[in-house]
Amino acid sequence: VQTKNKFARQSTGVDLIHSGTGLTKAYTGKNVVCGIVDSGLDPNHINFKDDEGNSRVGLLSYAKISNDGTKINFKYYERDQVSQFTTDTSDSYHGTHTMGTMAGSYRGEATVALPDANKQLADVSVTLNPYYGVAYDADIVAACGDLLDYVIAVGVEDMLNYAIENHKPCVINLSLGSNDGPHDGTGVINQFFDACAQELNAIICVAAGNEADLTIAAHKTFTDDDKEFKTF
């Protein structure tokens with residue numbers, strides 16, 4: 001495991017945005033709603049609390065498919081109820097990881113590994129946590145559970161409604177995807193995202209894919225004498 005948020009913020013210029021360098025003001029996500037749909041989420045992680053220990057998660061939804069597969073049950077937790085929720089699954093921490101990158105705010109003391117470019121091993125020391133996220137002052141809305149396209153769409157809609165009700169702009173992160181479907185923007189959920197972005201001025205960021213290290217694509221080089229490709 002390599003902790004890289006410190007270097008990711010530097011290489012993408014986020015630290016300059018946090019300090020307001022070259023800008024009229026500093027930007028930290030304050031007065032912005034950051035939404036996320038994911039699985040393996042612990043909303044009570046220290047990264048998602050303010051300096052007074054209060055939850056920064058204004059709304060959390062949990063979707064679960066019934067045992068017979070005929071119904072999706074949604075349960076909602078408002079800010080003062082989030083502490084009653086543990087996680088949608090203990091088999092993964094992907095949602096905690098991605099939400100931490102998006103809006104993790106813990107900058108207090110921690111025992112951390114600080115890599116040195118000239119060393120093969122990192123120095124472990126107690127210091128102010130350097131691995132916080134991007135929009136560390138943002139208001140967070142999260143959706144988790146059984147992530148069918150319908151569940152994802154409902155989660156996005158809930159986040160946009162929350163932002164509208166609280167008179168804040170909204171940015172939504174979806175660190176997920178599927179290898180199924182047309183991948184040309186004509187899928188139903190893609191059209192839904194486009195409509196949300198256009199009608200509600202929402203920014204919706206979708207992962208390009210996490211499978212670059214897997215041999216899941218078919219390849220063929222065509223020639224004048226060989227113009228046919230078959231697969232099943």
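A pocket here is an open set of grid points where a 1.4 Å probe fits, with protein on both sides within 12 Å along at least five of seven lines, and its lining residues have an atom within 4 Å of a point. With that in hand, here are the close-ups of this predicted model.

**View 1. The largest pocket and the residues around its centre.** Twenty-five residues line this pocket, and those nearest its centre are Gly177, Ser178, Asp180, His183 and Asn190. The space inside comes to about 610 Å³. Sorted by type, the lining splits into 12 nonpolar, 9 polar and 4 charged residues.

**View 2. Helices at the pocket wall.** Two helices, H4 (149-165) and H5 (188-200), each put at least two residues into the lining of the largest pocket. H5 gives the largest share, with 4 residues.

**View 3. Gly40, tucked into a loop.** Look for Gly40 in the loop that links strand S1 (33-37) with strand S2 (57-65). Gly40 counts as buried because its relative accessibility is 1%, and the cut-off for buried is under 20%. Leaving aside residues up to four places away in sequence, Gly40 touches Thr87, Asp88, Thr89, Ser92, Tyr93, His94, Gly95 and Thr96. Thr98 is another residue to find in this view: 58 residues separate Gly40 from Thr98 in sequence, yet their C-alpha atoms are 9.8 Å apart in space.

**View 4. Thr96, seen from the helix side of that contact.** Thr96 sits in helix H3 (residues 94-103). With 15% relative accessibility, Thr96 also falls in the buried class. Its contacts, not counting residues up to four places away in sequence, are Gly40, Leu41, Asp42, His45 and Phe48. Zoom in on Asp42 for a polar detail: its backbone nitrogen is 2.9 Å from a polar atom of the Thr96 side chain.

**View 5. Helix H3 and what covers it.** Pull back a little from Thr96 and the rest of its helix comes into the picture. H3 has 7 of its 10 residues buried, so the helix is largely enclosed by the rest of the structure. Those buried residues are Gly95, Thr96, Thr98, Met99, Gly100, Met102 and Ala103. What lies over them? The cover includes helix H1 (5-12), strands S1 and S2, strand S6 (139-145) and strand S7 (170-174).

**View 6. Strands S4 and S5, side by side.** Strand S4 (residues 109-114) and S5 run antiparallel and are joined by 6 bridges. One pair to pick out is Ala110 with Thr127, its bridge partner in S5. How many of the 6 residues of S5 are buried? The count is 0, and this strand (residues 123-128) is hardly covered. Set that beside H3, where 7 of 10 residues are buried.

**View 7. Stepping back to the whole chain.** For orientation, the protein chain has 5 helices and 8 strands. Read from the N terminus, the elements go α-α-β-β-β-α-β-β-β-α-β-α-β. The C-alpha atoms fill a box of roughly 65 × 50 × 40 Å along the principal axes. Of the 232 residues in the chain, 35% are buried. Among contacts with a separation of 6 or more, 68% are between residues 24 or more positions apart.

Methods
Residues are numbered from 1 along each chain as its sequence is written. This is a predicted model: local features need pLDDT of at least 70, side-chain atom pairs count only at pLDDT 80 or more; totals for chains, interfaces and linings use all residues. Side-chain values use heavy atoms; hydrogens and water are left out. On a 1 Å grid over the protein atoms alone, a cavity is a set of points where a 1.4 Å probe fits but cannot get out, and a pocket is an open set with protein on both sides within 12 Å along at least five of seven lines; lining residues have an atom within 4 Å of a point. Grid points are joined across faces, edges and corners, and a volume is the space filled by probe spheres set on the points. Ala, Val, Leu, Ile, Met, Phe, Trp, Tyr, Cys and Pro count as nonpolar, Asp, Glu, Lys and Arg as charged, and the others, Gly among them, as polar. Buried means under 20% relative accessible area, exposed over 50%, partly exposed in between (1.4 Å probe, protein chains only). Two strands pair if DSSP finds at least two bridges between them. Contact means heavy atoms within 4.5 Å. A polar contact is a pair of N or O atoms within 3.5 Å; within protein, one must be able to donate a hydrogen and the other to accept it, and residues adjacent in sequence count only if both atoms are side-chain atoms.
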